[in-house]
Amino acid sequence: MRATNTTGALPVISTGRTYTSSFDIEELIESLHELFALDRQTASQQDSTRCGICYMHFSVSSLVYREEEGFYVCKNCERTLGKQKLPMLRRQQKQ
Ligand SMILES: [Zn+2]
């Protein structure tokens with residue numbers, strides 16, 4: 001995913017793909033709804049901020065601020081990213 005999301009909107013999920021019949025799209029949508037509901041819930045909390053990579057909300061204390069690149073990263077993305085450097089177009093404000 002390219003880091004072009006500077007508007008604060010959630011990433012657009014492409015529905016233009018053709019899935020195989022064994023793939024349960026309703027189950028996916030259901031799990032996404034739960035995910036977004038949870039995200040909104042977290043976003044409404046005062047100390048929440050976004051992970052610079054997956055754009056999900058987390059409380060600041062559970063995110064790691066990467067000084068060098070200038071964005072917060074959640075534990076999941078941190079694990080995925082590892083020691084790899086990921087320069088962002090727009091730096092996040094450190095809270
Ligand atoms: Zn993340």
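Why is Phe-71 buried? Select Phe-71: 25 other C-beta atoms lie within 10 Å, so Phe-71 is buried. (Buried means 20 or more other C-beta atoms within 10 Å of a residue's own; exposed means 12 or fewer; partly exposed is in between; C-beta atoms are placed from the backbone.)

This is a predicted model: local features need pLDDT of at least 70, side-chain atom pairs count only at pLDDT 80 or more, and totals for chains, interfaces and linings use all residues. Residues are numbered from 1 along each chain as its sequence is written.

**Whole chain.** Colour by secondary structure. Two helices and four strands appear, in the order α-β-β-β-β-α. (Helices, H or I of at least four residues, and strands, E of at least two, are DSSP runs numbered from the N terminus.) Of the 95 residues, 11% count as buried.

**Helix α1.** Select residues 25–43. These 19 residues reach 26 Å from first C-alpha to last, close to the expected 27 Å (1.5 Å times one less than the number of residues). Zero of the 19 are buried.

**Core.** Now select Cys-51, Phe-58, Leu-63, Phe-71, Tyr-72, Val-73 and Cys-74, the largest nonpolar core (buried Ala, Val, Leu, Ile, Met, Phe, Trp, Tyr and Cys joined through C-beta atoms within 7 Å). Strand β4, residues 71–73, gives the largest share, three residues.

**Contacts.** Return to Phe-71 in β4. Beyond four places in sequence, Phe-71 touches Gly-52, Arg-66, Met-88, Arg-91 and Gln-92 (contact: C-beta atoms, placed from the backbone, within 7 Å). Measure to Arg-91: 20 residues apart in sequence, 5.8 Å apart C-alpha to C-alpha. Finish on Val-73, whose contacts beyond four places include Cys-51, Ile-53, Leu-63 and Leu-81.

Conventions. Contact = placed C-beta atoms within 7 Å.
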